[in-house]
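Open the model in a viewer with both sequence and coordinates in reach. The stops below are meant to be selected one after another.

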Amino acid sequence: MSLDISFIGILIGSIMASSVPLILAASGELITERSGVLNLGVEGMMIIGAISGFALMVITDNLFIAIIGSMLSGVIISLIFGFLTQSLLTNHVATGLALTIFGIGLSAMLGKDFVGIPGKDFPILFSSLRESIPFFGPILFGHSIILYFAFVLPFLTNYFLKKTKLGLVVRAVGDSPISASNQGINVILVRYCCILYGGGMCGLAGAYLSLIYTPQWIENMTAGRGWIALALVVFATWSPIKVLIGAIIFGGISILQLHMQAVGFRIPVQFLIALPYLMTIIVLVVISRDSRKIKLNTPTSLGRIFYKEK
Amino acid sequence: MYKNFFRYLISAIFLITFSISAKAEFKVGFVYIGPTGDHGWTYQHDEGRKAVEAAGIKTTYVESVKYGADAERVIRQLAQSGHDLIFTTSFGYMDATNKVAKDFPNVKFEHATGYKREHSNVSTYSARFYQGRTILGHIAGKLTKTNTIGYIASFPIPEVIRGINAMTLAAQKVNPNIKTKIVWVFSWYDPGKEAEAAQALIDQGADIIMQHTDSTAPVQTAEKAGIWSFGQASDMQRFAPKSILTSIIDDWAPYYVERAIAARDGKWSQQDTWHGLKEGMVAMSPYNKEMGADLVKEAEQLQKDLASGKIHSFTGPIYDQKGNILVAEGKVADDGMLLGMNVYVKGVEGDIPK
């Protein structure tokens with residue numbers, strides 16, 4: 001492997017780009033889960049975001065509308081989940097799975113007319129700095145605005161949950177909805193908001209794939225990334241910063257293993273392909289060994305149905 | 001997984017409706033491994049189906065059918081619901097096709113890329129895609145400056161290995177220093193992963209990218225990086241107008257129309273078909289002029305010679321990676337050897353995943 005410094009910079013840049021959809025979707029799902037709602041529909045919401053973003057880009061020729069629209073479509077589809085689980089009190093797991101099936105099927109149907117249309121170049125920021133500064137240039141510059149947003153988001157999420165009153169409300173609702181309700185908090189409303197926020201972030205994650213990362217629409221193009229995001233949230237023990245670390249490790253090893261193949265390392269390819277999953281789990285388990293902290297971060301009432309007696 | 005379940009449900013409802021309204025009319029059924037919108041393998045099979053429809057014959061198709069029990073059930077339903085001829089268009093449908101064929105002796109079956117014909121109503125057919133790879137190898141060998149060709153591979157089956165070898169042999173002939181770097185993605189279809197694989201190969205010095213996967217992500221990555229690439233299965237030119245030199249196109253339409261008409265007229269008989277450039281089952285999309293007029297001419301000549309049989313993609317001497325002789329000087333590889341190919345030729349880097 002050629003190991004000159006500028007090459008490593010480019011490599012780190014592409015690792016960052018590949019981890020963006022995971023960071024976005026996992027950060028959104030994290031808020032949903034911290035409010036006590038387990039939404040397994042991440043994959044479905046992502047794919048709906050991907051087709052909506054791409055379709056809007058083709059129809060309106062405006063990337064801003066496409067991005068906003070993809071988030072809105074994620075919000076709308078998660079509203080179905082919210083209505084079913086919060087207002088009709090259906091089982092979270094079953095409803096979330098149904099949402100994924102529904103999202104994949106619906107996106108395939110909506111996308112029929114958008115297959116085979118080339119995407120558009122998404123504007124990148126500071127592209128001149130990327131070329132002129134060795135090593136740091138490709139890492140810090142020349143990315144889309146969504147990437148910068150994704151890398152700030154876990155810190156904002158962390159701040160929100162730990163330092164703001166609203167964050168405390170979300171955590172209270174996730175830990176003990178009955179006590180929260182007795183304190184006068186509208187549990188259902190808070191959970192609705194968290195579900196919709198999660199949907200919006202998943203929609204954005206999908207749009208990142210169809211508009212920026214591989215600009216095109218193909219059926220099922222999320223290819224299981226939603227499930228990885230879900231797993232990240234659990235293995236990161238509901239900590240936003242660890243979600244970020246996990247996503248970067250996963251993206252990083254996924255890309256490094258391709259480089260190792262291209263270089264011709266004599267390691268079985270199947271092992272290399274399993275490596276990102278293994279390493280992410282190992283690292284997250286190792287950095288999350290403190291059981292006191294896990295207890296603190298785990299939403300106690302995750303996935304349990306809450307209803308208020310009248 | 002769930003997407004497929006949803007699809008089966010719909011297709012099952014359709015099939016039941018069809019079987020109720022089944023008439024004596026001649027009908028052809030198609031079973032696809034992917035969505036018709038994949039813009040690659042299944043897309044091309046569906047183009048073939050449309051040609052059959054255009055010839056005035058009724059067709060039905062079922063998309064995204066998984067290998068195994070699901071495949072058998074779908075094929076059986078098609079046979080039961082009055083289809084007279086059924087095309088199963090992926091390698092993994094081999095056993096299911098033969099199993100159903102046994103129970104429906106009056107229905108004709110055509111299985112793509114397989115080799116089992118256990119009953120007299122089963123035919124097999126495939127295309128000599130490797131002939132296209134020979135042309136790609138020739139062009140790549142002439143154009144590469146880094147002497148490194150990047151190859152994105154899907155699964156280690158003979159079909160894929162044959163393509164890698166055919167390309168490498170042709171490239172070596174015009175450029176003995178050529179190296180083929182391979183990345184296995186273990187998927188037919190994952191745009192994100194295919195794009196990352198292409199980028200990894202480019203970062204490792206490849207200045208020409210080709211793929212044996214189905215999405216257009218690799219050619220788009222090549223376009224962005226400003227290097228050459230080749231399209232796969234269908235003409236991908238509009239996804240990477242500057243980068244694409246040519247695409248290997250699978251054209252099933254003439255074969256499907258011929259077989260459907262034969263079956264309708266009672267002239268169908270069991271066959272094993274392996275067609276290539278000569279018959280038009282493999283075609284090349286227009287060559288990119290940017291490669292230079294001379295090279296375009298060479299490619300066109302090579303295409304003609306491969307079609308006429310004057311040149312064979314696997315002409316000896318051919319050595320494996322360890323230097324053992326595979327095909328002696330002056331000989332060509334027979335079809336049996338091609339169909340079971342499971343070793344790399346000299347010049348390919350790495351090991352075949354086992």
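Leaving aside neighbours within four places in sequence, which residues is A:Ile253 in contact with? Select A:Ile253 and add A:Leu275, A:Pro276 and A:Met279, which are its contacts beyond that range. The model is a predicted one, so keep the confidence colouring at hand if your viewer offers it.

**Chain A, helix H12**

Extend the selection to residues 240-263 of chain A, which form helix H12, the element that holds A:Ile253. A:Ile253 counts as buried because 20 C-beta neighbours lie inside 10 Å, and 20 is the number at which a residue is called buried. Now draw a distance from A:Ile253 to A:Glu219: the two are 34 residues apart along the chain, and their C-alpha atoms are separated by 26 Å.

**Chain A, the loop after H4**

Go next to A:Lys112, in the loop between helix H4 (92-111) and helix H5 (127-132) of chain A. A:Lys112 has 12 other C-beta atoms within 10 Å, so it is exposed. Add A:Ile218 to the selection: A:Lys112 and A:Ile218 are 106 residues apart in sequence, yet 9.1 Å apart in space from C-alpha to C-alpha.

**Chain B as a whole**

Hide chain A and show chain B as a cartoon. Its secondary structure consists of eleven helices and 14 strands. The radius of gyration of chain B is 21 Å, close to the 20 Å that the globule rule gives for 354 residues, so the chain is as compact as a globular protein of that length. Along the principal axes, its C-alpha trace spans about 65 × 40 × 40 Å. Of the 354 residues in chain B, 53% are buried. Among contacts in chain B between residues at least 6 apart in sequence, 63% join residues at least 24 apart.

**The six-stranded sheet of chain B**

Select the strands of the open sheet in the order E2-E1-E3-E4-E5-E11 of chain B; the pairing is parallel. At the edges stand strand E2 (58-62) and strand E11 (272-275) of chain B, each with a single partner strand, so one side of each has no neighbour in the sheet. On average, neighbouring strands of this sheet are turned by 20 degrees against each other, direction ignored.

Zoom in on strand E4 (residues 108-112) and strand E5 (residues 122-127) of chain B, which pair in the parallel sense over four bridges. For one bridge, pick B:His111, whose partner in E5(B) is B:Thr124.

Then add helix H4 (residues 94-103) of chain B, which packs on the sheet and touches strand E3 (85-88), E4 and E5 of chain B. The direction of this helix makes about 170 degrees with that of E4(B). Helix H9 (residues 253-264) of chain B also packs on the sheet, touching strand E1 (27-31), E3, E4, E5 and E11 of chain B; its direction makes about 155 degrees with that of E3(B).

**Backbone details in chain B**

Where does B:Asn147 lie? Look in the loop between helix H5 (129-143) and strand E6 (148-153) of chain B. B:Asn147 has a positive phi of about 60 degrees although it is not a glycine, and with 15 C-beta neighbours inside 10 Å it counts as partly exposed.

B:Ala233, in strand E9 (residues 228-233) of chain B, has a positive phi near 75 degrees. B:Ala233 counts as buried, with 22 C-beta neighbours inside 10 Å.

Finish at B:Pro317, in the loop between helix H10 (293-308) and strand E13 (318-319) of chain B. The peptide bond from B:Gly316 to B:Pro317 is cis, with omega near 5 degrees.

Note on methods:
Residues numbered from 1 in each chain as written. Chains lettered and ligands numbered in written order. Predicted model: local features only at pLDDT ≥ 70, side-chain atom pairs only at ≥ 80, totals over all residues. Helix = DSSP H or I, 4+ residues; strand = E, 2+ residues; numbered from the N terminus. Rg over C-alpha atoms; globule rule 2.2 N^0.38 Å. Contact = placed C-beta atoms within 7 Å. Pairing = 2+ DSSP bridges. Axes fitted to C-alpha atoms, helices over the stretch in contact; angles between N-to-C directions.
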